[in-house]
Amino acid sequence: MYFTYLRRELRRRARQAVVVAAGLAIGIGLVMIVSSASAGVKKAQGQVLHSLYGVGTDITVTKTVTFGSGGPQRFNFGGGSGSGSRPSVTPGTHISRDTLRPAAGESTLPASDVAKVAALRGASAATGGLVLTDTSFSGTIPNYSEGGKFSPGGGAASGAGASGSESSGASSFSISSTSVDGVQISSSDVGPLTSSQVTQGSYFTPAQNTAKVAIVSSTYATQHGVKVGSDVTVAANTVSVIGIAQVPSGGAEVYLPLGAAQSLSGLKEDVTTIFVSASSSSGVSSLASQIQKAIPGSTVATSESLANQVTGSLQSASKLATSLGKWLSIVALVVAFVIAGLLMMAAVSRRVREFGTLKAIGWRTRRIVGQVMGEGLALGLAGGLAGIVLGIAGAEIISAVSPSLSATVGPAFAGAGAFPTTFRHAGAAGRTVLVHMSAPLQGGTIGIAVVLAIAGGLVAGAFGSWRAARLHPAAALRRVA
Amino acid sequence: MSAQAANDGTPTKTVDSHTGENMRQPTPNNIYELAGVRKTFGAGPDSVKALDGVDLEIAQGEFLAIQGPTGQGKTTLLLLLGGLDRPSAGSVLFDGRDLATLGESELVGLRASAFGFVFQTFNLIPTLTAQENVETALVPAHTPAREREQRAKAVLEELGLGDRATHLPSELSGGQQQRVAIARALVKNPKVLLADEPTGNLDENMRDEIVAVLERLWHERGLTLIVVTHDSTVARRAQRIAIIEGGRVSAGDRSEIGRQAAPADSLEPTFVTS
């Protein structure tokens, strides 16, 4: 009787039932789409951070130079390409230098800090790395007496591998820079480069820690015609290429074993960055606090804090999803719930005689309330089902369209002390990474939809039930008498 | 002439040995005893007195018609008799229990078992078939589905609607709908059948048909039948007519009747006004 009555009643006011269910469906579908889009934005953020930050890394630890303790990149001009006596700057003299140093403003940490961090509670793995820039400068000292003007070649160092040249009279200077990362060879998948990224050749073996071998990015290899077995020059040393890796945009161009990088940069027993993986995502902030205490003066950056410093359409999408999308969903849901409730109340009002009669023949109020609640719940579930279909369709459309989102690490961060060295490639003109957004549906999202559907049904039912419960049978029967 | 207690007995107050509930011992053979019943709607100067001191006794198995002009309190009185409303003052004894003070749960219980209602507008659930409508009266008693079905079918057969059991109310004539409503009222075997203008929405032929059905059931089942009507033709079929006017009731003296279960045609109701 319960279900027969419920089914027939909903069928009788099918149009109204469709309106209520559709309202709930739109609200629930919107929540699902926003939720999926939000997950997609987070995933895109993860991709961006991955490219700028390191594989499997939750936290980076760096140390910035204290003002006055460091200084700008300097070249020790000497004859030839090696070290020697103070240079003679006689016009016409050819000079050449190739240095490997941390990016401007970055300092180093003792390599022993890596073990210290790895031992902290909540740390899954930690590796050290050297994030360096190899800068080569060569040219001939101009003869000022001949009217030549000196103007250092400073081509906009936009991105990796920037170079510039200047020529005036007899002089000719060229400057180029290559991003170089020193990679700690370990079995953990944490750090700027892991074995899984190597597409040609091989990854470093532990025995190669101090060997002059390198893995280059596929982009670098293409640009410079480098193949496995080729040689590249780093800090005026010939290094043999043993592998080519697929590196996300924003990564280094050349990767060296940490020992070799330390040796070539003169930073023995030092690292510039510690890449840390947390045991759980919920423990990242706690671990960051521990690291901050364990290594005073260090800059501890989490992926979340970095995400907040990235600009571009990705950030806009993130804000859209978390602010506008969230509120839009809430408003849509509230409106749907209220409309559903009011329509249910109106339906009960039209059934005053019906419920008055049922009360007259002995139906208890709770039985009538149960009937109305059942109708509301059925509408909620129908709306929820339609909403889930709508949500899945919306998420699929977003994934199919796959809109491009850009993440810009811009000039605003140049020189920002709190920014990790992994962003050294950002450069003065900023660097933009493009990612494609998807809207992955998660089990939790569908669970939320089901809960919302039930809640919507109960809210709608509660409105109607409230009206039905207050109905006095005599008053109901008098109204229609 | 005012209503009198049957057998000249005055109700006495007793206490139920099980529940401690105050009970007035009804006069033997009286199923209802109303004393000083008032019903006022609203408060202050705008209040309306629907009933103004009604004293009335109704015997077990009696067929009483309550007649009077529109708006004089007929339906209000019927609702009080059916435990659907409470008086503002006075007592409504039903089988010794005062419906004015009975708990809501007990009132619901009585409505589910002791009272059967028939309304002018039939009040059938439009989405349920005739049989399902009849079954709704058995839902409060938690009657098993199969038994509900069997009993509903049996009553519909008894009222000549066996072939209409699966029809929706909209597919039935007014007379058939009212018969379904009567079946719904009777399926739970109530002690009292309360009908509020049962023929008010019917033409003459159907009116006669429904009155005949009610008389037959009253006759065969020994029901107490209380019919509110403004139709003198219907009222004249009752054993006794209570006239309600200005919120007060005048009723016939049952001692003069003594015709329960007599053929309807031979009935000449006692017709008394104050």
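Two residues are taken to be in contact when heavy atoms of the two lie within 4.5 Å. By this criterion, in chain B of the predicted model, 69% of the contacts between residues at least 6 apart in sequence join residues at least 24 apart. In chain A, residues 24 or more positions apart account for 82% of the contacts with a separation of 6 or more.

The secondary structure of chain A consists of 12 helices and 16 strands, and that of chain B of seven helices and 13 strands. Chain A contains 481 residues, of which 49% count as buried. Chain B contains 274 residues, and buried residues make up 56% of them. The accessible surface of chain A was computed as about 21300 Å², with 59% belonging to carbon and sulfur atoms. For chain B the exposed area is about 11200 Å², and carbon and sulfur atoms supply 47% of it.

Helix packing was examined in chain A, beginning with helix H1. This helix spans residues 2–12 of chain A and packs against helix H9 (residues 352–360) of chain A at an angle of about 165 degrees, with the two axes 14 Å apart. Because angles over 145 degrees count as roughly antiparallel, H1(A) is described as roughly antiparallel to H9(A). The crossing of H1(A) and H9(A) is right-handed. On the side of H1(A), the contact is made by A:Tyr5, A:Glu9 and A:Arg12, and on the side of H9(A) by A:Glu354, A:Phe355 and A:Leu358. By class, the residues of this contact comprise three nonpolar, no polar and three charged.

A further partner of H1(A) is helix H10 (residues 365–401) of chain A; the axes of H1(A) and H10(A) come within 10 Å and cross at roughly 55 degrees. The two helices are therefore oblique to each other, and H1(A) passes H10(A) in a right-handed crossing. Here H1(A) contributes A:Tyr2, A:Tyr5, A:Leu6, A:Glu9 and A:Leu10, while H10(A) contributes A:Arg367, A:Gly370, A:Gln371, A:Gly374, A:Glu375, A:Ala378 and A:Leu379. The contact of H1(A) with H10(A) divides into six nonpolar, three polar and three charged residues. A:Tyr5 and A:Glu9 thus take part in the contact of H1(A) with H9(A) and also in the contact of H1(A) with H10(A).

H10(A) also packs against helix H11 (residues 443–469) of chain A, at an angle of about 150 degrees and with the axes 7 Å apart. This angle makes H10(A) roughly antiparallel to H11(A), and the crossing of H10(A) and H11(A) is right-handed. The contact of these two helices has 16 nonpolar, eight polar and no charged residues.

Backbone geometry was considered next. Most residues other than glycine have a negative phi. A:Glu269, a residue other than glycine, has a positive phi near 65 degrees. A:Glu269 lies in the loop between helix H5 (258–265) and strand S12 (270–271) of chain A. With a relative accessible area of 60%, A:Glu269 is exposed, because the exposed class begins over 50%. In chain B, B:Asn189 likewise is not a glycine and has a positive phi, of about 55 degrees. B:Asn189 is placed in the loop between H5 and strand S9 (192–196) of chain B, and B:Asn189 counts as exposed at 52% relative accessibility.

Two further residues, one in a strand and one in a helix, were examined for their surroundings. A:Thr199 is found in strand S7 (residues 198–201) of chain A. Its relative accessible area of 48% makes A:Thr199 partly exposed. Residues up to four places away in sequence being excluded, A:Thr199 touches A:Ile244, A:Ala245 and A:Gln246. A:Val247 lies 48 residues from A:Thr199 along the chain, and the C-alpha atoms of the two are separated by 9.9 Å.

B:Gln176 is located in helix H5 (residues 174–186) of chain B. B:Gln176 has a relative accessible area of 15% and is therefore buried, the limit for this class being under 20%. Apart from neighbours within four places in sequence, B:Gln176 is in contact with B:Leu161 and B:Arg164.

Note on methods: Residues numbered from 1 in each chain as written. Chains lettered and ligands numbered in written order. Predicted model: local features only at pLDDT ≥ 70, side-chain atom pairs only at ≥ 80, totals over all residues. Heavy atoms only, no water. Helix = DSSP H or I, 4+ residues; strand = E, 2+ residues; numbered from the N terminus. Buried < 20%, exposed > 50% of the residue type's maximum accessible area, 1.4 Å probe, protein only. Areas by Shrake-Rupley, 256 points an atom, 1.4 Å probe, with all protein chains shown as cover. Axes fitted to C-alpha atoms, helices over the stretch in contact; angles between N-to-C directions. Parallel < 35°, antiparallel > 145°, perpendicular 65-115°, else oblique. Left-handed = near helix turned anticlockwise from the far one by under 90°. Nonpolar A, V, L, I, M, F, W, Y, C, P; charged D, E, K, R; others polar.
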